[in-house]
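Me: I've got a model open and I'd like to learn how to read its packing and its odd backbone spots. Can you walk me through it?

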Amino acid sequence: MSTAGTGNSTRTGDSTGATGTGGRPEPFGARLAKAMAARGPLCVGIDPHDELLRGWGLPVDVEGLARFADTVLDALAGRAAVLKPQSAFFERHGSAGIAVLERVVAQARAAGALVLLDAKRGDIGSTMRAYAQAYLDPAGPMGADAITASPYLGFGSLSPLLDVAAEHGAGVFVLALTSNPEGRTLQHALTSHGRSVAAEMAAAAGEANRGARPMGSVGLVVGATLGQAVREAGVDLVGANAPLLAPGIGAQGASPSDLLEVFGPARPRVLPSVSREVLAAGPGTAGLVSAFERTLAACDAALNG
């Protein structure tokens, strides 16, 4: 796999591997804020599914996977604040695919991008701790900056993951209000406290993030396609003090202009996430860079204009 390119957009900066006060790792929330200020508010997914590989003229195998990853890294690892490899598309190729994923994580971080591993893990006890050690411990095989997680075994089930993340200055993005239609049945349901499940998850994240500046390290996943759903579900995004990953822009139907309606006063902490909107512009690196810069400018204007 080639070494990622070093070209940057007009913003520059490397927020990986920083050390905070007292020799402790700098919290993920602080590192993310720096990355967004330096490189802009955009996360790009690395989702090498069959259609994209074929569209790029690549074989649907490990060779095609590696060439796809090389190209994305060369184009974007020196530009994007966050890269988000989707673990499933690597796992399906077995151990050889996992080896590619490990190199993607290492090379993206070496080029200055934060890596959010999209694995949506959810379990309990020692199993959840093992996931945390695998994906968030720098001594583990992945050593990513953050991971997505499912809290639907109860937010407390994430405690081992949150503990390991805090120890290593890593982040966890918890599914709160997702853009898939099936999610509404569960996420809008009322708990025994009279609040929606999504509101409970956001409140729990707020407790974990209490006092963190400029924002906490326990993020929430909130779809950019949701319109008024955040208010309908009674979710306090401002009080959560959380980084807000906002998938759904582009192929799923949302546009950057929808971010204001969905996130309102919480938009300074929003990290829009795109995949096909940028990746479809490959296989040339120039096309990827152009699509990235265009999408970043639109998201930046919507959030900060």
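Reply: Sure. One term to start with: contact here means heavy atoms within 4.5 Å. Also keep in mind that this is a predicted model.

Me: Okay, let's use that. Which residues does Leu-220 contact, leaving aside its neighbours within four places in sequence?

Reply: Leu-220 is in contact with Phe-173, Val-174, Ala-176, Met-201, Ala-202, Ala-205, Leu-237, Ala-240, Ala-242, Pro-243, Leu-244 and Leu-245.

Me: And which residues touch the most other members of the largest nonpolar core?

Reply: Leu-83, Leu-220 and Val-222 do, in a core of 86 residues. Helix H3, residues 62–76, gives the most to this core, with eight residues. There's also a second, separate core of 16 residues, which includes Cys-43, Val-82, Met-215 and Val-221.

Me: How do I read a helix pair? At what angle do H3 and H13 pack?

Reply: Look at the angle and the axis distance together. H3 and H13 (residues 285–304) pack at about 55°, with their axes 9 Å apart. Angles under 35 degrees count as roughly parallel and 65 to 115 as roughly perpendicular, so this pair is oblique. The crossing of H3 past H13 is right-handed. On the H3 side the contact uses Thr-71, Val-72, Asp-74, Ala-75 and Leu-76, and on the H13 side Thr-285, Leu-288, Val-289 and Phe-292. Sorted by class, that's six nonpolar, two polar and one charged residues.

Me: What about H6 and H7: how do their axes cross?

Reply: They cross at roughly 30° and come within 8 Å. That makes H6 roughly parallel to H7. This crossing is right-handed. From H6, the residues Gly-125, Met-128, Arg-129, Ala-132 and Gln-133 meet Pro-160, Leu-161, Val-164 and Glu-167 of H7. The class count is five nonpolar, two polar and two charged residues.

Me: Which residues of H7 are buried?

Reply: The general idea first: an α-helix has 3.6 residues a turn, so residues three or four places apart point the same way. In H7 (residues 159–168), the buried ones are Pro-160, Leu-161, Leu-162, Val-164 and Ala-165. They pack against helix H6 and strands S4, S5 and S6. Just after H7, Gly-169 takes a positive phi of about 70°.

Me: Now a single residue. Is Phe-28 buried or exposed?

Reply: Phe-28, in helix H1 (residues 28–39), has a relative accessible area of 3%, so it's buried. Setting aside residues up to four places away in sequence, Phe-28 touches Leu-114, Asp-145, Ala-146, Gly-169, Ala-170, Gly-171, Phe-173 and Ser-217. Phe-28 and Leu-114 are 86 residues apart in sequence but 9.4 Å apart in space, C-alpha to C-alpha.

Me: Last topic, the odd backbone spots. Which residues does a cis peptide bond join?

Reply: Most residues other than glycine have a negative phi, and most peptide bonds are trans. Here a cis bond joins Arg-213 and Pro-214, with omega about 5°, and another joins Gly-282 and Pro-283, with omega about 15°. Pro-214 sits in the loop between helix H9 and S6, while Pro-283 is in the loop between helix H12 and H13.

Me: And what is the phi of Lys-120, and of Asn-241?

Reply: Lys-120 has a positive phi near 50°, and Asn-241 has a positive phi of about 50°. Lys-120 lies in strand S3 and is partly exposed at 39% relative accessible area. Asn-241 is in the loop between helix H10 and strand S7, and at 8% relative accessibility Asn-241 counts as buried.

Key
Residues numbered from 1 in each chain as written. Predicted model: local features only at pLDDT ≥ 70, side-chain atom pairs only at ≥ 80, totals over all residues. Heavy atoms only, no water. Core = buried A, V, L, I, M, F, W, Y, C linked by side-chain atoms within 4.5 Å. Buried < 20%, exposed > 50% of the residue type's maximum accessible area, 1.4 Å probe, protein only. Helix = DSSP H or I, 4+ residues; strand = E, 2+ residues; numbered from the N terminus. Axes fitted to C-alpha atoms, helices over the stretch in contact; angles between N-to-C directions. Parallel < 35°, antiparallel > 145°, perpendicular 65-115°, else oblique. Left-handed = near helix turned anticlockwise from the far one by under 90°. Nonpolar A, V, L, I, M, F, W, Y, C, P; charged D, E, K, R; others polar.
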